[in-house]
Amino acid sequence: MAMDERGRALALSFAKRKFGEYYASGPPRLEPPSELIRREFGFLFFGEKFMLRHRSFSSAEELRAFLKEKVPSDAYHSTALYRDPGAEMENKGWIGADLCFDIDADHLEAPCKFEHDRWSCECGATGAGPAPGACPKCGAEGLKEEAWMCESCLERAKDELLKLMEILCSDFGIAYSDMSAYFSGHRGYHLHVRSEAVLRMGESERREIVDYLTGVGVDPSAHGFSISSGGPAPSPSSPGWAGRISMAITEILTSCSEEELRAIGLAPRAVRAILGERDSLLRDWLDGGGWGLRRRVGGKGWGAILKRAIEMASVKIDTVVTTDIHRLIRLPGSLNGKTGLVVMPLGVDGIEDFEPFTDAAAFEGEERVHVVEAPRLKLGGESFGPYRDETVTLPASAALLLICKGRAYPAVN
Ligand SMILES: [Zn+2]
Ligand SMILES: [Zn+2]
């Protein structure tokens with residue numbers, strides 16, 4: 001069911017009005033970046049496709065005034081510092097860049113995607129979940145995706161963020177005080193690392209960090225997991241990848257179901273052995289042996305377990321964001337035009353308890369909207385929807401979310 005022209009126009013002017021209210025209120029959560037005068041800014045506007053880039057500001061006040069006057073749907077700043085941020089790309093004079101990470105539900109295995117994501121093709125074919133590479137009916141590529149998010153995939157993304165921060169701290173020696181975490185306002189989290197140590201790193205150095213985090217080229221035998229080595233396997237408390245692989249194997253032994261063990265690629269005999277002797281294998285593993293497990297699953301099975309363990313221990317980041325040293329990233333405290341939620345600064349202690357749909361809500365009060373179609377929505381402990389072609393009164397932030405997502409428009413009597 002699609003929205004008609006009138007609905008779209010109403011939705012657009014409603015969203016723009018609410019965003020305008022937000023920026024006019026002098027939002028306390030707006031967090032202009034450090035060394036603001038060295039940053040490039042970029043903006044998207046309601047109803048327009050192009051991005052205004054290469055903007056620079058001489059002060060935070062000037063930036064705030066711009067937001068208030070122009071009311072962009074999305075606001076970004078460069079991770080980089082430039083001598084002349086307002087110049088064309090080749091004349092900017094790159095000085096250095098923060099090390100930034102983007103964790104997005106798009107890159108996570110989240111079963112809920114099949115409940116709330118949809119794709120459609122111009123031929124009329126539609127389906128649940130992420131879009132396939134090509135339409136199964138007509139073979140067309142570049143299918144239209146409608147991604148949604150829920151507390152479950154955002155929770156997974158948050159786990160990845162915490163894992164990322166832990167690895168950066170323990171394996172790279174980056175202090176938590178040099179890390180700033182943000183809810184992206186949509187399907188994930190951003191992490192900005194600001195320190196002299198990372199500032200001047202080029203793309204290839206950043207690529208190496210990415211490879212380390214994502215487990216590219218990790219050789220388990222170099223970390224003590226060789227099937228031919230007689231020694232005990234590393235324990236979960238070992239430093240670096242050794243400990244992480246060991247921890248992931250512990251998790252596999254503790255909690256993988258029969259189906260999950262099969263999906264790892266284990267033979268039926270190995271699956272039965274793990275399910276039947278779980279406790280003793282686990283004890284053997286944690287007490288520093290691991291030989292019981294290696295014997296039970298055989299060489300091929302052991303290889304499959306290690307592969308899965310590395311996958312589990314790796315951090316699911318959007319690798320391009322981290323390696324691109326000219327990237328624009330969302331301005332903390334601005335609103336995300338896809339949702340109307342705040343790109344929320346979290347603070348290291350605030351991550352664990354952060355609830356995106358409640359804590360990143362920018363508006364109070366209620367709004368009456370006509371919902372074309374929307375999946376269930378949980379907000380502030382309350383559950384709304386699913387809706388289909390009905391007029392409802394919702395908390396303002398939920399209404400704005402549906403409007404920004406193109407699923408609703410303001411109700412007119
Ligand atoms: Zn098709
Ligand atoms: Zn989800």
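Cysteine 123 makes a good starting point: at a relative accessible area of 33%, this residue is partly exposed (buried means under 20% relative accessible area, exposed over 50%, partly exposed in between, with a 1.4 Å probe and protein chains only). The model is predicted, so local features need pLDDT of at least 70 and side-chain atom pairs count only at pLDDT 80 or more, while totals for chains, interfaces and linings use all residues. Residues are numbered from 1 along each chain as its sequence is written, chains are lettered from A and ligands numbered from 1 in the order in which they are written, and side-chain values use heavy atoms, with hydrogens and water left out.

The zinc ion (ligand 1) has as its protein donors Cys121 (SG), Cys123 (SG), Cys135 (SG) and Cys138 (SG), lying 2.3 Å from it (donors are N, O and S atoms within 2.8 Å of the metal, or 3.2 Å for Na, K and Ca; water is not among the atoms, so sites may look incomplete). Its 4 donor atoms give angles of 105 to 112 degrees, and the site is tetrahedral (for four donors, all angles lie between 85 and 135 degrees). Because cysteine 123 sits in the loop between β7 and β8 and cysteine 138 in the loop between β8 and β9, the pair ties together parts that are 15 residues apart in sequence (strands are DSSP runs of E, at least two residues, and helices runs of H or I, at least four, numbered from the N terminus). Cysteine 138 is also partly exposed, with a relative accessible area of 43%.

These strands belong to an open sheet of 3 strands in the order β8-β7-β9, with antiparallel pairing (two strands pair if DSSP finds at least two bridges between them). The edge strands, β8 (126-128) and β9 (144-146), each pair on one side only. Strand β7 (residues 118-120) is joined to β8 over 3 bridges in the antiparallel sense, and arginine 118 has alanine 128 in β8 as its bridge partner.

A second zinc ion (ligand 2) is coordinated at 2.1 to 2.3 Å by Cys112 (SG), His116 (NE2), Cys150 (SG) and Cys153 (SG). Histidine 116 in helix α3 (residues 113-116) and cysteine 150 in the loop between β9 and α4 (151-172) link distant parts of the chain, 34 residues apart. The 4 donor atoms subtend angles of 106 to 115 degrees around this zinc ion (ligand 2), which makes the arrangement tetrahedral. Histidine 116 counts as buried because its relative accessibility is 8%, and cysteine 150 counts as buried at 13%.

Technical notes: Tetrahedral: all angles 85-135°; square planar, octahedral: opposite > 155°, others 65-115°.
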